[in-house]
Amino acid sequence: MLVIPTPLAGLMLIQPQVFSDSRGFFYESFNERDFRARTGADVRFVQDNHSLSARGVVRGLHYQLPQAQGKLVRVTRGAVLDVVLDIRRSSPTFGQWFSQVLSASNKLQLWLPAGFAHGFSVLEDETECLYKTTDYWVPEQEHTILWNDPALAIDWQLQGEPILSDKDRNGIPLAQAAVFE
């Protein structure tokens, strides 16, 4: 696998080695030894999540505090614009965001350690997103930053009005959010 740093410290794109031929393709989507060696992240994944979404859905920006989760995100069908926001107050990139198209065709993955809020907009019908987490989901510790916070000016690459859950519609601006120190 190839690990590609991003402008946000600790956030990394992962490009697996894909073996393709006339039959299709094969790749290791995760190998603990290689992941640790190439990212320097000594983590244990405890939960896998899988979502199916329609084109135009926006999910996020979500995080847990204080029981934070690192996430390894990939798409197995369709495509998303994956958006990650640095919410580590002590970080020089606090309040900055990074986005990357993750798709079944490009097979890119995104590793975000604890300290980031995460979301995505769905670019294709029937998109499936899978992600591993380093800690369990704790509903009462979940927080949502407003997806369209004007102070962030995130370009979600939408083609019309987004499809939102009540939780995402009612997120709070970063300036009012609980964040990591």
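**Note on pockets, cavity and strand packing in a predicted model**

1. Apart from its neighbours within four places in sequence, Q64 is in contact with Q69, Y136, W137, V138, Q141, E142, H143 and F180. The model under review is a predicted one. Q64 belongs to strand β6. With a relative accessibility of 3%, Q64 is classed as buried, because the cut-off for that class is under 20%.

2. The polar contacts of the Q64 side chain deserve a separate remark. One links the side chain to the backbone oxygen of Q67, at 2.7 Å. Another involves V138, whose backbone nitrogen lies 2.7 Å from a polar atom of the Q64 side chain. V138 is also one of the residues listed among the contacts of Q64 outside the four-place window.

3. Q64 also takes part in lining an enclosed space. The model has one cavity of 30 Å³ or more, and the volume of the largest cavity is about 50 Å³. Its lining consists of H62, Y63, Q64, A68, Q69, K71, L112, A114, G115, F116, H118 and F180. Two elements, β6 and β11, each give two or more residues to this lining. The greatest contribution, three residues, is that of β6. By class, the cavity lining comprises six nonpolar residues, five polar residues and one charged residue.

4. The largest pocket holds about 350 Å³ of space. It is lined by 20 residues, and those closest to its centre are H62, K71, Y131, E142 and K167. Elements giving two or more residues to the lining are β5 (47-53), β6 (58-64), β11 (116-122) and α2 (166-169). Among the contributors, β6 supplies the largest share, five residues. The pocket lining contains nine polar, six nonpolar and five charged residues.

5. Some residues recur in these descriptions. H62 and K71 are among the residues closest to the centre of the largest pocket, and H62 and K71 also appear in the lining of the largest cavity. E142, another of the residues closest to the pocket centre, is in contact with Q64.

6. The second largest pocket has a volume of about 200 Å³. Of its 16 lining residues, M1, P16, Q17, E28 and D34 are the closest to its centre. Helix α1 (residues 32-39) provides the largest share of this lining, three residues. Nine of the lining residues are nonpolar, four are polar and three are charged.

7. The two ends of α1 can be described as follows. At the N-terminal end, N31 acts as a cap: one of its side-chain oxygens lies 3.1 Å from the backbone nitrogen of R33. After α1 comes G40, which has a positive phi near 80 degrees.

8. Strand β11 is largely enclosed by the rest of the structure, because seven of its seven residues are buried. In a regular strand, side chains alternate between the two faces of the sheet. In β11, F116, H118, F120 and V122 point one way, whereas A117, G119 and S121 point the other way, and all are buried. F116 and H118 also belong to the lining of the largest cavity.

9. Strand β11 has antiparallel pairings with two strands discussed here. Four bridges connect β6 with β11 in the antiparallel sense, and R59 has F120 in β11 as its bridge partner. Strand β8 (residues 79-86) is likewise antiparallel to β11, and seven bridges join the pair. Within β11, V122 is the residue that stands opposite V80.

10. Strand β10 (residues 109-112) is also covered on both faces: Q109 and W111 lie on one side, L110 and L112 lie on the other, and all are buried. Strand β2 (residues 12-15) runs antiparallel to β10, with three bridges between them. The bridge partner of L13 in β10 is L110. Strand β7 (residues 71-77) pairs with β10 over four bridges, again in the antiparallel sense. Here K71 has L112 as its partner in β10. K71 and L112 both occur in the lining of the largest cavity.

Key: Residues are numbered from 1 along each chain as its sequence is written. This is a predicted model: local features need pLDDT of at least 70, side-chain atom pairs count only at pLDDT 80 or more; totals for chains, interfaces and linings use all residues. Side-chain values use heavy atoms; hydrogens and water are left out. On a 1 Å grid over the protein atoms alone, a cavity is a set of points where a 1.4 Å probe fits but cannot get out, and a pocket is an open set with protein on both sides within 12 Å along at least five of seven lines; lining residues have an atom within 4 Å of a point. Grid points are joined across faces, edges and corners, and a volume is the space filled by probe spheres set on the points. Ala, Val, Leu, Ile, Met, Phe, Trp, Tyr, Cys and Pro count as nonpolar, Asp, Glu, Lys and Arg as charged, and the others, Gly among them, as polar. Buried means under 20% relative accessible area, exposed over 50%, partly exposed in between (1.4 Å probe, protein chains only). A polar contact is a pair of N or O atoms within 3.5 Å; within protein, one must be able to donate a hydrogen and the other to accept it, and residues adjacent in sequence count only if both atoms are side-chain atoms. Contact means heavy atoms within 4.5 Å. Two strands pair if DSSP finds at least two bridges between them.
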